[in-house]
Amino acid sequence: MLQKINETADFLMQQFGREAKIAIVLGTGLNDLGADIEIEKAIDYKDIVNFPVSTVKGHEGKLLYGTLSGVKVIAMQGRFHYYEGYNMKEITFPVRVFKAMGIETLILSNASGGMNPLYKVGEMVIITDHINLFPENPLRGKNYDELGDRFPDMSEAYTRVLIEKAENIAKHYQIPYQKGVYVGTAGPTFETPSEYKMFRLLGGDCVGMSTVPEAIVARHAGMQCIAFSVITDLGIIGVVEKVSHEEVLNAAKIAEPKIRQVVKELVKEI
Ligand code: HPA
């Protein structure tokens with residue numbers, strides 16, 4: 001594994017240089033942020049040595065390198081999901097590679113279903129914590145001490161100072177936002193009404209099928225991490241409605257400008 005990580009990191013540093021210190025995962029809530037990046041180079045995942053290849057509609061599968069608000073960034077356009085069949089090591093491989101490239105901050109984004117009764121479709125949530133309900137943990141198996149601790153602390157999975165910065169930016173631009181706990185599940189089914197209820201009872205505010213593996217590995221690797229979610233549907237007791245992938249994509253489109261704006265400002269302050 002270490003050899004593969006270093007091989008891919010070397011390959012990407014040859015392509016992109018070593019200047020970027022921030023990586024952004026453009027999830028369903030943030031795909032168009034790619035348009036704000038002055039792209040210097042884009043590489044299809046299939047052309048990156050050792051990289052898995054993304055298969056889902058709406059997840060393009062390109063690694064972008066360029067400038068966002070004057071700051072060099074790397075952005076994943078499309079991520080790897082557990083429900084696609086990738087294992088946890090594949091899903092989190094890019095995060096390991098970013099760390100090996102000298103990247104110190106990971107910005108994640110996703111779409112999720114809202115369970116907090118105060119949430120509305122189209123709202124932005126700054127994720128403060130998560131509950132890992134994936135069937136496994138990305139750190140299961142041999143631990144490489146070079147990569148991080150065997151039993152990593154998770155008391156601050158999402159970096160508090162970054163959350164504060166994001167909040168201040170949102171307030172400054174009068175962008176409404178929520179804060180909340182993200183429940184990560186394997187998918188690909190959306191939740192039954194009883195599952196939404198259970199996740200709410202467990203302490204979750206929203207639920208989705210990504211982000212938790214990447215955040216765990218980022219923290220294991222000692223990177224700072226922040227995650228944004230777009231509420232695309234509601235799983236609120238008495239309000240659970242039918243949900244489709246199309247509706248999720250449409251709701252994400254509406255909410256996307258809010259996250260874009262916050263991320264554009266945030267990268268300047270990291
Ligand atoms: N559940 C799980 N994942 C999701 C949802 C949801 O309601 N909405 C968008 N992604």
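A pocket here is an open set of grid points with protein on both sides within 12 Å along at least five of seven lines. In this predicted model, the ligand takes up the space of the largest pocket. The protein buries 96% of the 260 Å² that the ligand exposes when taken alone. The model also holds one cavity of 30 Å³ or more, a cis peptide bond before proline 188 and a positive phi at asparagine 50.

**Ligand contacts**

- Alanine 111 uses a backbone N or O atom, which lies 3.4 Å from a nitrogen atom of the ligand.
- Glycine 113 also acts through its backbone: a polar atom there is 3.3 Å from a nitrogen atom of the ligand.
- Threonine 232 brings in its side chain, with a polar atom 3.4 Å from a nitrogen atom of the ligand.
- Taken alone, the ligand exposes 260 Å², and 96% of that is buried by the protein.

**Shell around the ligand**

- Ala111, Ser112 and Gly113 are among the residues around the ligand.
- Phe190, Glu191 and Tyr196 also belong to this shell.
- So do Val207, Gly208 and Met209.
- Thr232, Asp233 and Val248 complete the list.
- By class, the shell has six nonpolar, four polar and two charged residues.
- At least two shell residues come from each of strand S5 (105-114), strand S8 (206-208) and strand S9 (224-234).
- S5 supplies the largest share, three residues.

**Largest pocket**

- The volume of the largest pocket is about 330 Å³.
- Its lining counts 23 residues, and the closest to the centre are Tyr83, Ala111, Phe190, Met209 and Val248.
- Two or more lining residues come from each of S5, S8, S9 and helix H6 (245-269).
- S5 gives the largest share of this lining, four residues.
- The pocket lining divides into nine nonpolar, eleven polar and three charged residues.
- Ala111 is among the residues closest to the pocket centre, and a backbone atom of alanine 111 lies 3.4 Å from a ligand nitrogen.
- Phe190, Met209 and Val248 are also among those closest to the pocket centre, and these three are found around the ligand.

**Largest cavity**

- The count comes to one cavity of 30 Å³ or more.
- The largest cavity holds about 120 Å³ of space.
- It is lined by 13 residues, and those nearest its centre are Met1, Lys89, Arg96, Pro138 and Leu147.
- Helix H2 (88-100) and helix H5 (212-220) each give two or more residues to this lining.
- H2 gives the most, with four residues.
- The cavity lining divides into seven nonpolar, three polar and three charged residues.

**Backbone points to check**

- Most residues other than glycine have a negative phi, and most peptide bonds are trans.
- The bond from glycine 187 to proline 188 is cis, with omega near 5°.
- Proline 188 sits in the loop between strand S7 (178-184) and helix H4 (193-202).
- Asparagine 50 is not a glycine, yet its phi is positive, about 75°.
- The loop that holds asparagine 50 runs between strand S2 (38-44) and strand S3 (62-68).

Notes: Residues are numbered from 1 along each chain as its sequence is written. This is a predicted model: local features need pLDDT of at least 70, side-chain atom pairs count only at pLDDT 80 or more; totals for chains, interfaces and linings use all residues. Side-chain values use heavy atoms; hydrogens and water are left out. A residue is near a molecule or strand if one of its heavy atoms lies within 4 Å of it. A polar contact is a pair of N or O atoms within 3.5 Å; within protein, one must be able to donate a hydrogen and the other to accept it, and residues adjacent in sequence count only if both atoms are side-chain atoms. Accessible areas come from the Shrake-Rupley method with a 1.4 Å probe; for residues, only the protein chains shown count as cover. On a 1 Å grid over the protein atoms alone, a cavity is a set of points where a 1.4 Å probe fits but cannot get out, and a pocket is an open set with protein on both sides within 12 Å along at least five of seven lines; lining residues have an atom within 4 Å of a point. A molecule sits in a cavity or pocket if more than half of its atoms lie within 2 Å of its grid points. Ala, Val, Leu, Ile, Met, Phe, Trp, Tyr, Cys and Pro count as nonpolar, Asp, Glu, Lys and Arg as charged, and the others, Gly among them, as polar. Grid points are joined across faces, edges and corners, and a volume is the space filled by probe spheres set on the points.
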